[in-house]
There are 2 protein chains.
Amino acid sequence: MMDEFQLIRHYFSGLTAGSEGVVLGIGDDAALLTVPSGQELAVTSDTLVAGRHFPHQTRPFDIGWKALAVNLSDLAAMGAVPRWFTLALTLPAQDADWLAGFSEGLKALADLHGVALVGGDTTRGSLSITITAMGLVPTGRAMRRDGAVQGDLICVTGTLGDAALALRQLSEASADPSLRRRLDRPTPRVEAGQILAEWGMAAIDLSDGLAGDLNHILIASQVGAELRAEKLPQSPAFKRAAPADALALQLHGGDDYELCVCLRGEDFQAAQPRLAALGVPLTCIGSISAAPGLRLRQGAEVHAIEPRGYQHFSDTRAP
Amino acid sequence: MMDEFQLIRHYFSGLTAGSEGVVLGIGDDAALLTVPSGQELAVTSDTLVAGRHFPHQTRPFDIGWKALAVNLSDLAAMGAVPRWFTLALTLPAQDADWLAGFSEGLKALADLHGVALVGGDTTRGSLSITITAMGLVPTGRAMRRDGAVQGDLICVTGTLGDAALALRQLSEASADPSLRRRLDRPTPRVEAGQILAEWGMAAIDLSDGLAGDLNHILIASQVGAELRAEKLPQSPAFKRAAPADALALQLHGGDDYELCVCLRGEDFQAAQPRLAALGVPLTCIGSISAAPGLRLRQGAEVHAIEPRGYQHFSDTRAP
């Protein structure tokens, strides 16, 4: 049986290179990192618990990918360039196949964005993964939740509702693999976030559902918003499936890991082609108002939306 | 029932102040922090799992204290000044009393060292706490594991074996409360570490037992060591209890959270009174040799020590 030290070295050594600024990486009491002057350090921590943040039957590769993706998505929402991460992995037992798949998934996404594993801890217990991701953003240029102002356009990257629909299809024979991929292997909008930070004054990543997440911006910025139902972007697979509760899935479904950003009208015009060049659609779905609260326009009707957050799939929704 | 946002605000708001360099604290997608030029960022992550890293009956206050203490101890071993931390808390259920006690323990230690909570995540699951702590150390001045050279004195702060003895006494009516306190509320040697970094070229914190932890220095520095059994420092309570296997407890018992540092002879003379002024004993327990391996001198005899690491109390020891 390998001890912790051997285990880390064996499965995670491929993850320890690949980023600048690492003076001392994994294997000491702490990592030593260099933050260049003119940059702020952005730090976020997210935990994934088996059976709560991913279905128990999820492939180890996808668990590794998703554990890092949800953290990079947070950095993307600030407009930060991800650089380093630490991994706290709690496992019921040492399982070579599981560890090999998990570390491959982690590495696939880490390599894509040039981030390096710089520290961590492995413990025995029920399966849980906490990653703390660190990135850099030019001083004063981060997108925060408190910068939205009346008249801003509310924009989202990609499409909404795919992961929530995939979750419902889990036990169905007709499950669509392209939706399932959106659930298992979300794409953090890292490059898009950096571009949007050139103009965006408020942003958030969509992890708990559009309504609940956007509401955090509204509260922090002391504003309100009106969304237009027909503008919420749907993927081809979502359109094909045409769920009866499409709107609820798009407003309250979690795990999208898209960005929601508030932009002035002329900035939206500038940003959209830049993101299109990356293959990332940017859609205007509504606007910021002075009147507080979140409203949805459907045709001629406008009604209030409960900003309830999606509490992940095995949990009950907040009242 | 409070949602995650309310829960964090209610119990952890007192923890979010108290450190410089926080541009944006808890409540956004990521925290924004400032690292001054001339400083390196030291980062460490440690997880505590209930029933593994602390007994199930441990008081919530002590769990909070210890979860931060083990991380600050890692920063202390680098000679870093702790500044910020993130908290990933996985709880079986919302329990107001537990959260109140836990957050008080966390706050007591955080306030002592002026560190601020800057981010985190709360999830439902079996009790587990991952803290990522960040600190600052002047560029190039951190103590690492690879800096020990032949002739260095091996020194330790405080006393060894108290926590391991307390663990054994858990179910005994005659348990000594001063030993129990060493197990439940370890004292990270934060100020001592900063002072030792003026001279120390290699250091490690003692979490898994002296022999195993010192062995990490020996391997990283490609040297060996000889310890002197009679020099291993014992607390008054440890002496009173006089366990038959005192030496094994001191060599292989975990959870000491003292520092082990390699110093030149003249530097030890300079460091000892500086630490004494903080109330921290510094004891020379042996020396670094060119010949690899770890040896123990007892009177006229010298024998090799297995550098097995203590795998925490509910685990089996590594072979």
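**Note on chain A: a parallel strand pair and the contact between two domains**

1. In this predicted model, A:T90 stands opposite A:T123, a residue of strand β5(A). The pairing to which this position belongs is a suitable place to begin.

2. Strand β4 of chain A, residues 81-91, runs parallel to β5(A), and 8 bridges join the two strands. As for side-chain direction, in a regular strand the side chains alternate between the two faces of the sheet.

3. How is the connection from β4(A) to β5(A) arranged? Together with helix α3 of chain A (residues 96-113), the two strands make a β-α-β unit, and this unit is right-handed.

4. Is strand β5 of chain A mostly covered or mostly open? Strand β5, which spans residues 116-124, is mostly covered: of its 9 residues, 7 are buried.

5. On the scale of the whole chain, chain A is divided into two domains, with domain 1 covering 4-138 and domain 2 covering 153-304. The centres of these domains, taken over C-alpha atoms, are separated by 26 Å. Their contact takes 16 residues from domain 1 of chain A and 19 residues from domain 2 of chain A.

6. Which elements supply the side of domain 1 of chain A that touches domain 2 of chain A? Both α2 (60-78) and β4 of chain A supply at least two residues each. The most comes from α2(A), which gives 10 residues to that side of domain 1. By class, the side of domain 1 of chain A that touches domain 2 of chain A has 9 nonpolar residues, 4 polar and 3 charged.

7. Strand β4 of chain A thus appears in two settings: β4(A) is joined to β5(A) by 8 bridges, and β4 also supplies at least two residues of the side of domain 1 that touches domain 2 of chain A.

How values were computed. Residues numbered from 1 in each chain as written. Chains lettered and ligands numbered in written order. Predicted model: local features only at pLDDT ≥ 70, side-chain atom pairs only at ≥ 80, totals over all residues. Buried ≥ 20, exposed ≤ 12 C-beta atoms within 10 Å, placed from the backbone. Helix = DSSP H or I, 4+ residues; strand = E, 2+ residues; numbered from the N terminus. Pairing = 2+ DSSP bridges. Right-handed = clockwise from strand over helix to strand, strands pointing away. Domains from an automatic or database assignment. Contact = placed C-beta atoms within 7 Å. Nonpolar A, V, L, I, M, F, W, Y, C, P; charged D, E, K, R; others polar.
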